[in-house]
Amino acid sequence: MDYLGFLAFAFVMLGIALLMVFLNYLLGPKAPSSLKDYPYECGVPLYDKSAQTTFHQGYYLLGLLLLLFDIEAAFLFPWTVVYRYLGIFGFVEMFLFIFILTYGLLYAWRKGILDWQFEEEYID
Amino acid sequence: MEIKSLISIEYPNLALFFPELIVLITGFILFTLDIILKRISHRLAIGISIMGYLIALLYVLLNFDLKGETFYNLYVRDQFSSLLHVFMILLTIVLLAFTYEYQKFKRSIYSEFYYILSFSLLGSMILVSSYNLLLIYIALEAVSVSFYIMTALQKKDFNSKEGAFKYLILGGLSIALASYGAVFLYLYGGSMDLRQILHLDGPNKELLILGLILFLFGFAIKIGVVPFHFWLPDAYQGAPTPITAYMASVGKIAFFAPVIRVMPLVQESFHKTWVITLAVLAVITFLYGNVVALVQKDVKRMLAYSSIAHSGFILAGISVAETIGVKAVVYFLLAYSIMGMLSFLVLAVLERSGAWENQIQEFSGLRLSQPFLALVFAVSLLSLLGVPPTVGFFVKALVFMSLSFEALWWVAILMIVGVGISTGYYLRLVVLMYMKEEEKKLTFNPTGFEKLSMAIMAVSLIVLGMLPMILWDYISPLSEMLFRR
């Protein structure tokens with residue numbers, strides 16, 4: 001019950017926001033033209049009318065690789081803080097960790113994920 | 001704050017962790033080979049895998065009674081984990097006799113298969129030997145992710161991809177549910193260790209019950225208990241058949257093990273909730289599985305539903321949270337892992353005979369063209385049904401007996417009804433194979449290794465059924481050990 005005011009506040013906030021948008025729609029001047037609806041792409045004509053292309057699989061795999069090294073960095077920072085205390089034990093542990101991650105990169109390399117010179121036939 | 005008070009370094013006792021370490025190293029060697037070599041030699045990969053698994057198996061067998069905890073009490077080795085390790089490693093070795101021929105026939109050879117298999121074995125081995133919510137979570141992911149990948153390892157097969165995708169989505173949901181349950185368990189107990197959480201007699205029992213139910217639901221999806229089973233028939237049917245065999249045996253053992261470890265820790269305060277929740281789930285599961293299996297035309301899908309039904313029988317045993325329940329469940333689990341694997345492996349061999357679609361009518365008169373395969377398949381089907389000289393009868397009787405200890409008569413009676421329904425589809429196949437005329441001429445020979453391993457599994461089903469004490473002498477003390485702690 002203590003938070004009832006908070007809930008009411010949230011509803012009032014939502015209501016005002018919706019009202020603003022609705023008023024804008026109701027009262028705003030409308031002069032539609034074909035060029036106004038045209039998507040903006042750096043001032044050049046559109047490459048693709050639908051703008052719904054499929055991405056090459058390579059983008060997703062590259063995203064995965066990015067994740068791999070993001071996580072590595074996230075674990076490396078706390079390790080540096082306690083490096084002196086952990087000593088050789090921590091060094092070996094971290095070496096194993098980075099070794100395993102490097103294996104992931106090697107695997108990706110070997111399977112040709114870093115190879116971005118696509119053959120013609122692969123590009124739609 | 002002083003760092004030293006936060007971190008205490010404990011050097012791991014690798015003697016306890018050795019089998020897992022060997023499996024991990026095997027996986028890494030296979031991985032390295034895949035990176036170094038242009039084209040991996042399958043004979044080499046299978047040889048290295050079997051060598052590694054045999055070393056791990058030997059170590060587990062020689063140090064069967066090894067007990068202890070390491071990695072800051074994350075990892076627990078006892079007789080329970082040792083017994084399940086022995087079975088999981090053995091079944092994986094058996095599986096390797098079948099995979100290459102099948103993949104060659106289906107033209108979907110992947111060098112990744114071998115190390116994904118060994119990583120999934122590593123995950124399963126860790127999963128059966130931990131009480132820690134965090135380690136269970138990680139091991140569960142290791143097993144599941146390997147299963148998603150292996151389900152999809154079939155080239156130009158839409159069903160395989162569809163099954164893998166369904167498995168991925170529902171598996172993700174199950175992990176979310178299980179970790180949500182783990183949060184509530186941590187809120188209740190203030191610890192990640194299931195033993196500490198469940199031994200605590202804390203004030204907020206509803207948190208404990210909510211957490212346990214969510215955690216169980218997460219596992220229920222993985223196991224394929226009925227309201228959460230939708231991925232299972234598709235994934236089992238779509239996956240390459242040896243992988244289906246692997247998921248139905250090693251996967252089942254791995255996913256059931258943490259639930260079995262919780263059984264001795266069930267307290268007086270939520271004992272009733274545990275019994276009723278699991279008994280109701282079990283009854284729904286085995287009735288639904290058996291009834292739906294009855295109308296299947298595709299034998300692989302039928303066996304997938306039979307696997308759901310057997311999960312139900314195991315769950316009925318799990319609802320009895322007493323010593324006899326643990327004994328019955330462990331025996332049932334190990335017996336099912338053999339017979340489930342054998343039945344799927346026979347299909348894997350039969351699929352190599354050219355135009356084989358796994359339809360029921362194709363089995364008619366199989367005794368004439370493939371007498372050996374028909375015999376082995378009949379043994380596994382009779383064992384799945386529970387006909388006396390096989391181990392299937394013994395384990396069903398054990399679960400029945402344990403239900404009587406808890407006075408769950410309604411579950412026991414419905415279980416008999418379920419077994420009665422299952423007679424319809426198991427016996428129909430046996431009748432088709434042995435009493436009908438031949439429909440299809442099959443001219444091919446299984447390899448020697450395949451014949452040998454299938455024969456060993458079929459014989460072990462009958463021997464364990466006639467002399468159940470062989471395994472009972474291991475299972476009985478370890479169940480009591482789990483309760484003493």
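These legends accompany close-up views of a predicted model.

**View 1. Confidence along chain A of the predicted model.**
Chain A has a mean pLDDT of 82, and 92% of its residues reach 70 or more. Among the elements of chain A, helix α1 (residues 4-27) has the highest confidence, with a mean of 92. Helix α2 (residues 57-81) of chain A has the lowest, with a mean of 85. Where pLDDT is low, the predicted coordinates should not be read in detail.

**View 2. The largest nonpolar core and the part played by helix α14 of chain B.**
The largest nonpolar core holds 168 residues. Those with the most contacts inside this core are Y331(B), F332(B), A335(B), L342(B) and L345(B). Helix α14 (residues 323-350) of chain B gives the most to the core, contributing 20 residues. Which residues does F332(B) contact, once its neighbours within four places in sequence are left aside? They are F313(B), I314(B), G317(B), V395(B), L398(B) and V399(B).

**View 3. Helices α14 and α20 of chain B where they cross.**
The axes of α14(B) and helix α20 (residues 469-484) of chain B come within 9 Å and cross at roughly 135°. Because of this angle, α14(B) is oblique to α20(B). On the side of α14(B), the contact is made by T323(B), V326(B), K327(B), V330(B), Y331(B) and L334(B). On the side of α20(B), the residues are L471(B), I475(B), S476(B), S479(B), E480(B), L482(B) and F483(B). The crossing of α14(B) past α20(B) is right-handed.

**View 4. Helices α4 and α11 of chain B side by side.**
Helix α4 (residues 79-106) and helix α11 (residues 241-262), both of chain B, have axes that come within 9 Å and cross at roughly 165°. The two helices are therefore roughly antiparallel to each other. From α4(B), the contact uses L84(B), F87(B), M88(B), L91(B), T92(B), L95(B), F98(B), T99(B) and Y102(B). From α11(B), it uses T241(B), P242(B), A245(B), Y246(B), S249(B), V250(B), I253(B) and A257(B). α4(B) passes α11(B) in a left-handed crossing.

**View 5. Helices α6 and α11 of chain B.**
The axes of helix α6 (residues 133-151) of chain B and α11(B) come within 11 Å and cross at roughly 170°. α6(B) and α11(B) are therefore roughly antiparallel. I136(B), V143(B), F147(B), M150(B) and T151(B) of α6(B) make the contact with I243(B), M247(B), G251(B), A254(B) and P258(B) of α11(B).

**View 6. The surroundings of L403(B) in helix α17 of chain B.**
L403(B) belongs to helix α17 (residues 391-405) of chain B. Is L403(B) buried or exposed? L403(B) is buried, because 25 other C-beta atoms lie within 10 Å. Apart from neighbours within four places in sequence, L403(B) is in contact with A316(B), V320(B), L408(B), V411(B) and A412(B). K441(B) is 38 residues from L403(B) in sequence, and their C-alpha atoms are 46 Å apart in space.

**View 7. The surroundings of I197(B) in helix α8 of chain B.**
I197(B) lies in helix α8 (residues 194-199) of chain B. With 25 other C-beta atoms within 10 Å, I197(B) is buried. Not counting residues up to four places away in sequence, I197(B) touches L185(B), Y188(B), G189(B) and S191(B). L187(B) and I197(B) are 10 residues apart in sequence and 9.5 Å apart in space, C-alpha to C-alpha.

Notes:
Residues numbered from 1 in each chain as written. Chains lettered and ligands numbered in written order. Predicted model: local features only at pLDDT ≥ 70, side-chain atom pairs only at ≥ 80, totals over all residues. Core = buried A, V, L, I, M, F, W, Y, C linked by C-beta atoms within 7 Å. Buried ≥ 20, exposed ≤ 12 C-beta atoms within 10 Å, placed from the backbone. Helix = DSSP H or I, 4+ residues; strand = E, 2+ residues; numbered from the N terminus. Contact = placed C-beta atoms within 7 Å. pLDDT = per-residue confidence, 0-100. Axes fitted to C-alpha atoms, helices over the stretch in contact; angles between N-to-C directions. Parallel < 35°, antiparallel > 145°, perpendicular 65-115°, else oblique. Left-handed = near helix turned anticlockwise from the far one by under 90°.
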